Amino acid sequence: MSPADQRLVRNTCLIVLALVALRLLAAIWTPLTFDEAYYWMWSKHLAGGYYDHPPMVALVIRAGTMIAGDTELGVRLVSVLLALPMSFVVFRTAAILFGGRRVAATATILLNITLMAAVGTLIVTPDSPSLVAASFVLFFLAKVLETGQGAWWLAVGAAVGCALLSKYTSLFFGPAILIWVAVVPKQRRWLLSPWPYLGAIVAFAIFAPVVVWNAEHQWLSFLKQISGRIKVEDFRPAFIAELVPTQIAFATPFVFMLGAMGCMRWRGARRGRCPPAC
C-alpha cells in the first residue's frame, strides 16, 4: 500500500475502534431492556430453538457472560465486539466490488454510524448477529465474483446458515442469491455447477438443530412466525407508509441520502452520462 492508503486504513481502524469503545461504555451504563433480559434468560438454558427465534442471540449472550459475568456489559459484550469483524468484511467487500480503499473506508465508517449498526450491536437482539452474518454473506459472494472459485460457495452457505440461526427472515437470502445468479449473465454458469447446491447443504446443516428442536416441540417456533407475523388478511396500505420511513430511519437519513445519490451516479455511469471518475 502507498503511504496515503496506509494512513487511510489506519484512520479507519481508529474510528471504528473509537466507536466500538463508546458502545462498550454505553453498554456498561445503560440498563438492560426488557427484550435483552428475556434473551438473557434463554442464555441460561441453551437449546436448538426458542418460541420466538432461533438460538444465536442466546449463544452470543452466553459467550459474553462467560467473560464479563451476568452484567449489562457481559450481556452485550460479544454483540458490541462483533462490529469489528463486520467492519472488516464490509471494508473488504467494498474494496472488491468498487476497487478502491477510499470507497471501502467510507462504506465502513458510514455503516458504523448508522442507527442500525450503532444501536443494533449495542442492544442485544436477534438483529445483532443477523446483521453481522449478513455482512459475511455479502463478502463471500463478492469473493465468488472476484475469484470465480466454486469453493467460496461453501463459505456463503456457512454464513447463510449462521444468519438462519439468528433470524428466520434470513431465509430470503436463498431466493435473493438465486435471482442474482439468474439475472447476471456471467453468473448463470453457477446454475449448472454443484458448488451453490453444496453451499445450500452447508446452510441447512448449520440450521438443522433449529429444525430438530421445532420437530420436538410441535413446530412451535415456525408456527409462531407464520401465524403471528404473516397475516395477509390484516394487511393495510398504511403498513407500507409506516415501513418505508422506518427503514430510512434505521439506515439513518443522512446515510440513506448518500446511498441513494450513489445509486443514481452509478446508474448514470452505466449509461454513459457520467464521467468515469464518478
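Start by selecting threonine 93, which counts as buried because its relative accessibility is 4%, and the cut-off for buried is under 20%. Keep in mind as you click around that this is a predicted model. Threonine 93 belongs to helix H5, which covers residues 83-98. So who are its neighbours? Leaving out residues up to four places away in sequence, threonine 93 touches Ser135, Leu138, Phe139 and Ala142.

**Next stop: H8 and H9**

Now colour helix H8 (residues 127-147) and helix H9 (residues 152-164). How far apart are their axes, and at what angle do the two helices pack? The axes are 8 Å apart, and the angle is about 170°. Angles over 145 degrees count as roughly antiparallel, so that is the label for H8 and H9. Rotate the view until one helix lies in front of the other: the crossing is left-handed.

Show the side chains where the two helices meet. On the H8 side, pick Ala133, Phe136, Val137, Phe140, Leu141, Lys143, Val144 and Thr147. On the H9 side, pick Trp152, Trp153, Ala155, Val156, Ala159, Val160, Cys162 and Ala163. Sorted by class, this contact has 14 nonpolar residues, one polar and one charged.

**Over to H3 and H4**

Clear that selection and pick helix H3 (residues 56-68) with helix H4 (residues 72-81). Their axes come within 7 Å and cross at roughly 120°. Are H3 and H4 roughly parallel, roughly perpendicular or oblique to each other? The range for roughly perpendicular is 65 to 115 degrees, and roughly antiparallel needs over 145, so H3 and H4 come out as oblique. This crossing is right-handed.

To see the contact, show Val60, Ile61, Ala63, Gly64, Thr65, Ile67 and Ala68 in H3. Then add Leu73, Gly74, Val75, Leu77, Val78 and Ser79 from H4. The class count here is nine nonpolar, four polar and no charged residues.

**Last stop: the salt bridges**

Time to hunt for charged partners. Side chains of opposite charge can pair when their charged atoms come close. How many salt bridges does a search of the whole structure find? There are five, and we'll visit some of them.

Stay with H4 and select arginine 76, together with glutamate 36. These two form a salt bridge, and their closest N and O atoms are 2.8 Å apart. Glutamate 36 sits in helix H2 (residues 34-43) and arginine 76 in H4, so the pair links distant parts of the chain, 40 residues apart. Buried or exposed? Both glutamate 36 and arginine 76 are buried.

Now try lysine 44 and aspartate 70, whose side chains meet in a salt bridge at 2.8 Å, N to O. Look for lysine 44 in the loop between H2 and H3, and for aspartate 70 in the loop between H3 and H4, 26 residues apart. Switch on the surface here: lysine 44 is partly exposed, with a relative accessible area of 36%. Aspartate 70 is partly exposed too, at 49%.

Finally, head back to H8 and select aspartate 127 with lysine 167; their side chains also meet in a salt bridge, 2.8 Å from N to O. Aspartate 127 is in helix H8, while lysine 167 is in the loop between H9 and helix H10 (173-183), 40 residues apart. Aspartate 127 is partly exposed, with a relative accessible area of 39%.

How values were computed:
Residues numbered from 1 in each chain as written. Predicted model: local features only at pLDDT ≥ 70, side-chain atom pairs only at ≥ 80, totals over all residues. Heavy atoms only, no water. Axes fitted to C-alpha atoms, helices over the stretch in contact; angles between N-to-C directions. Helix = DSSP H or I, 4+ residues; strand = E, 2+ residues; numbered from the N terminus. Parallel < 35°, antiparallel > 145°, perpendicular 65-115°, else oblique. Left-handed = near helix turned anticlockwise from the far one by under 90°. Contact = heavy atoms within 4.5 Å. Nonpolar A, V, L, I, M, F, W, Y, C, P; charged D, E, K, R; others polar. Salt bridge = Lys/Arg side-chain N within 4 Å of Asp/Glu carboxyl O. Buried < 20%, exposed > 50% of the residue type's maximum accessible area, 1.4 Å probe, protein only.
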